[in-house]
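The following exercises are to be worked with the sequence and the model at hand. Each task is followed by a solution in steps.

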Amino acid sequence: MTESRMDFRKAKFLISAPDIAHLNQYLPGDAGVEIAFAGRSNAGKSSALNMLTDQKGLARTSKTPGRTQLINVFELDEHRRLVDLPGYGFAQVPLALKKKWQYALGEYLQERQCLTGVVVLMDIRHPLKDLDMQMIEWAVESEIPVLALLTKADKMKQSERMKMINEVRKHLGDYDDRVKVEAFSSLKGLGKPKVLSILNEWCHPEWLMEAIAEAEAADESEGQ
Ligand SMILES: Nc1nc2c(ncn2[C@@H]2O[C@H](COP(=O)(O)OP(=O)(O)OP(=O)(O)O)[C@@H](O)[C@H]2O)c(=O)[nH]1
């Protein structure tokens, strides 16, 4: 049986694609499991990916909002990938360019069959903006589980942090278990074990485990 604990430190950069057409060209088949990281520009997507994989330079971080303009794909193993999506909601970008990224983002979300879970990253100091809510609602409607990650949690005192987590949980309470809410700090590692455990669960859907077990059984009987 295949090991059921992912080693996220093994993540490696696979490709950057400007749109889904390029993604399908590089990665044909739309198969396996993809976990996407989405959020407003500057929410901390790249920093979170680096912290979760213990690799400082895996995803490019920046003080300038709007740096992640491409769909960046990182491979965990032959069946599973993490995806850094273009940030949304950044005003200071020429409209034509913004439309191009937002189109690529929408296209990815709508067309990607292997999308198994979405991490929606929001700065803990101002979460649940309109576009975040749209993203969460879209995922729930599409029956894709969501992890609402409140980033930069180190910028708040523990008591304020707990208050904010509870407020966000209350606000998203109607979605029950379909939307989980956690606080996170890429700077301090706060929330990391909890997030890794959720990602690990998403990496092992029953259908994939069955497919892997079947393939292994077929290999074994061929080898006999
Ligand atoms: N204090 C603190 N700063 C953080 C944290 N995570 C990210 N930052 C900072 O926030 C800024 C944006 O982080 P990125 O990880 O580049 O954000 P992004 O969402 O990938 O940004 P885009 O490329 O615009 O989509 C950087 O200056 C980071 O150093 C955190 O947990 N704590």
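**Exercise 1.** Along strand β7 (residues 179–183), which side chains point to one face and which to the other, and which are buried?

*Solution.* The model is predicted. In a regular strand the side chains alternate between the two faces of the sheet. In β7, Val 179, Val 181 and Ala 183 share one face and are buried. Lys 180 and Glu 182 point to the other face and are not buried.

**Exercise 2.** Determine how β7 is joined to strand β6 (residues 146–151).

*Solution.* First, the pairing: β6 and β7 are parallel, with 5 bridges between them. Leu 147 lies opposite Lys 180 of β7. Next, the connection: the chain leaves β6, passes through helix α5 (residues 158–171) and enters β7, a right-handed β-α-β crossover. Finally, the packing: α5 lies across β6 and β7, at about 170° to β7.

**Exercise 3.** Place β7 in the sheet and name the edge strands.

*Solution.* The open sheet has 7 strands in the order β1-β3-β4-β2-β5-β6-β7, with mixed pairing. Its edge strands are β1 (12–17) and β7, each pairing on one side only. On average, neighbouring strands are turned by 20° against each other, direction ignored. Further along the order, strand β5 (residues 115–123) runs parallel to β6 over 6 bridges, and Asp 123 has Thr 151 of β6 as its bridge partner.

**Exercise 4.** Where in the protein chain is confidence lowest, and where is it highest?

*Solution.* The chain averages a pLDDT of 89. Helix α3 (residues 95–111) has the lowest confidence, with a mean of 77, whereas β6 has the highest, at 98.

Note on methods: Residues numbered from 1 in each chain as written. Predicted model: local features only at pLDDT ≥ 70, side-chain atom pairs only at ≥ 80, totals over all residues. Buried ≥ 20, exposed ≤ 12 C-beta atoms within 10 Å, placed from the backbone. Helix = DSSP H or I, 4+ residues; strand = E, 2+ residues; numbered from the N terminus. Pairing = 2+ DSSP bridges. Right-handed = clockwise from strand over helix to strand, strands pointing away. pLDDT = per-residue confidence, 0-100. Axes fitted to C-alpha atoms, helices over the stretch in contact; angles between N-to-C directions. Contact = placed C-beta atoms within 7 Å.
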